[in-house]
Amino acid sequence: LIMRGSNVRVIRDGIIVADTEIDTIRHLKDEVKEIKEGFECGIVLKGYSELVEGDQIEAYLSKSVERTEL
């Protein structure tokens, strides 16, 4: 599952070349909030447009966790 607003890393030849977030996801001609595994889609990344064939997109969510005393 990939969701709009998720953070992504663009990995090329084992090196992270960009760390940004997903701006837009399109399935067929519709803009969608998320896309499930196995479906084709178009993805626009914020501030990065230099994808090349063979790049990997690794999506992740980051959230803050409040520190607790032990």
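Asp13 is a good place to start: with a relative accessibility of 75%, above the 50% cut-off, this residue counts as exposed. You will find Asp13 in the loop that links E2 to strand E3, the latter covering residues 15-27. Its backbone deserves a glance too, since the phi of Asp13 is near 50°, a positive value in a residue other than glycine. Keep in mind as we go that this is a predicted model.

Now follow the chain through E3 to the loop that comes before strand E4 (30-32), where Leu28 sits. Leu28 also carries a positive phi, about 55°, although it is not a glycine. Is Leu28 buried or exposed? Its relative accessibility is 73%, so Leu28 counts as exposed.

For a contrast, step back to Val10, a residue of strand E2, which runs over residues 7-12. Val10 counts as buried because its relative accessibility is 0%, where the cut-off for that label is under 20%. Which residues does Val10 touch, leaving aside those up to four places away in sequence? One group is Ile15, Ile16, Val17 and Ala18, and Ile15 and Val17 fall within the residue range of E3, 15-27. The other contacts are with Leu45, Tyr48, Leu51, Asp55 and Gln56. Take Leu51 from that list: Leu51 is 41 residues from Val10 in sequence, yet their C-alpha atoms are 8.0 Å apart in space.

With those residues in mind, let us look at the whole chain. The protein has 7 strands and 0 helices, so to speak a pattern of β-β-β-β-β-β-β when read along the sequence. How much of the contact network links residues far apart in sequence? Of the contacts with a separation of 6 or more, 50% are between residues 24 or more positions apart; the pair Val10 and Leu51, at 41 residues, has such a separation.

What about overall dimensions? The radius of gyration of the protein is 14 Å, whereas a compact globule of 70 residues would have one near 11 Å. Along the principal axes, the C-alpha atoms fill a box of roughly 50 × 30 × 25 Å.

Finally, consider the surface. Buried residues make up 20% of the 70 in the protein, and Val10 is one that counts as buried. The protein exposes about 5,900 Å², with 47% of that area supplied by carbon and sulfur atoms. As for charge, there are 15 negative and 10 positive side chains, and the centres of these two sets lie 6 Å apart.

Terms used:
Residues numbered from 1 in each chain as written. Predicted model: local features only at pLDDT ≥ 70, side-chain atom pairs only at ≥ 80, totals over all residues. Heavy atoms only, no water. Helix = DSSP H or I, 4+ residues; strand = E, 2+ residues; numbered from the N terminus. Rg over C-alpha atoms; globule rule 2.2 N^0.38 Å. Buried < 20%, exposed > 50% of the residue type's maximum accessible area, 1.4 Å probe, protein only. Contact = heavy atoms within 4.5 Å. Areas by Shrake-Rupley, 256 points an atom, 1.4 Å probe, with all protein chains shown as cover. Lys, Arg positive; Asp, Glu negative; His and termini not counted. Charge placed at Lys NZ, Arg CZ, Asp CG, Glu CD.
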